[in-house]
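Grab a pencil and work through these exercises with the model open beside you. Try each task before you read its solution.

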Amino acid sequence: MGYIQANMAGSIWKILVKIDDNVEAGQEVVILESMKMEIPITADTKGSVKKILFNEGDFVNEGDNIIEIN
């Protein structure tokens, strides 16, 4: 089990995956909005999405776990 984390503080603009989706390493899974810029968050490893811990519009801090994968 692992987590996809926010690499900077910002608001979750778009979640690109849903529960049970398979993701590949390097795949964009979330887009953050920070200082009017869109910043893609990618998966570090391949796996299956087990839980999405935030909703679109939520604010996250750098290092927050956004998605649980295994």
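**Exercise 1. Find the loop that holds Asp20, and decide whether Asp20 is buried or exposed.**

Step 1: Asp20 sits in the loop that links strand 2 and strand 3. Strands here are DSSP runs of E with at least two residues, helices are runs of H or I with at least four residues, and both are numbered from the N terminus.

Step 2: A quick word on the model: it is predicted, so local features need pLDDT of at least 70 and side-chain atom pairs count only at pLDDT 80 or more, while totals for chains, interfaces and linings use all residues. Residues are numbered from 1 along each chain as its sequence is written, and side-chain values use heavy atoms, with hydrogens and water left out.

Step 3: Asp20 has a relative accessibility of 54%, so it counts as exposed. The cut-offs are under 20% relative accessible area for buried, over 50% for exposed, and partly exposed in between, using a 1.4 Å probe and protein chains only.

Step 4: Check the backbone too: Asp20 is not a glycine, yet its phi is positive, at about 75 degrees.

**Exercise 2. Describe how strand 4 and strand 5 are joined.**

Step 1: Strand 4 covers residues 28–34 and strand 5 covers residues 37–42; they pair in the antiparallel sense over six bridges. To count as paired, two strands need at least two bridges found by DSSP.

Step 2: Pick out one bridge: Glu33 has Glu38 in strand 5 as its partner.

Step 3: Now the turn. The two strands make a hairpin with two residues between them, and Met35 in that turn has a positive phi of about 50 degrees.

Step 4: Lys36 is in the loop between strand 4 and strand 5 as well. Lys36 isn't a glycine either, but its phi is positive at about 65 degrees. With a relative accessible area of 79%, Lys36 is exposed.

**Exercise 3. Work out the strand order of the open sheet of four strands, and name its edge strands.**

Step 1: The order is 1-8-6-3, and the pairing is antiparallel.

Step 2: Strand 1 and strand 3 (22–23) are the edges, since each pairs on one side only.

Step 3: Look at one edge: strand 3 pairs with strand 6 (residues 47–52) in the antiparallel sense, over two bridges. In strand 6, Ser48 is the bridge partner of Asn22.

Step 4: For the whole chain, you should count zero helices and eight strands.

**Exercise 4. Is Gly10 buried or exposed, and which residues does it touch?**

Step 1: Gly10 belongs to strand 2 (residues 10–15).

Step 2: Its relative accessibility is 4%, which means Gly10 counts as buried.

Step 3: Leaving aside residues up to four places away in sequence, Gly10 touches Leu32, Glu33, Ser34, Asp58, Phe59 and Val60. Contact means heavy atoms within 4.5 Å.

Step 4: Compare sequence with space: Gly10 and Ile31 are 21 residues apart in the sequence, with 9.6 Å from C-alpha to C-alpha.

**Exercise 5. Compare the chain's radius of gyration with that of a compact globule.**

Step 1: The rule is 2.2 Å times the number of residues to the power 0.38, and the radius is taken over C-alpha atoms.

Step 2: For 70 residues a compact globule would come out near 11 Å; the chain has 11 Å, so the two agree.

Step 3: Add the overall dimensions: the C-alpha trace spans about 30 × 20 × 20 Å along its principal axes.
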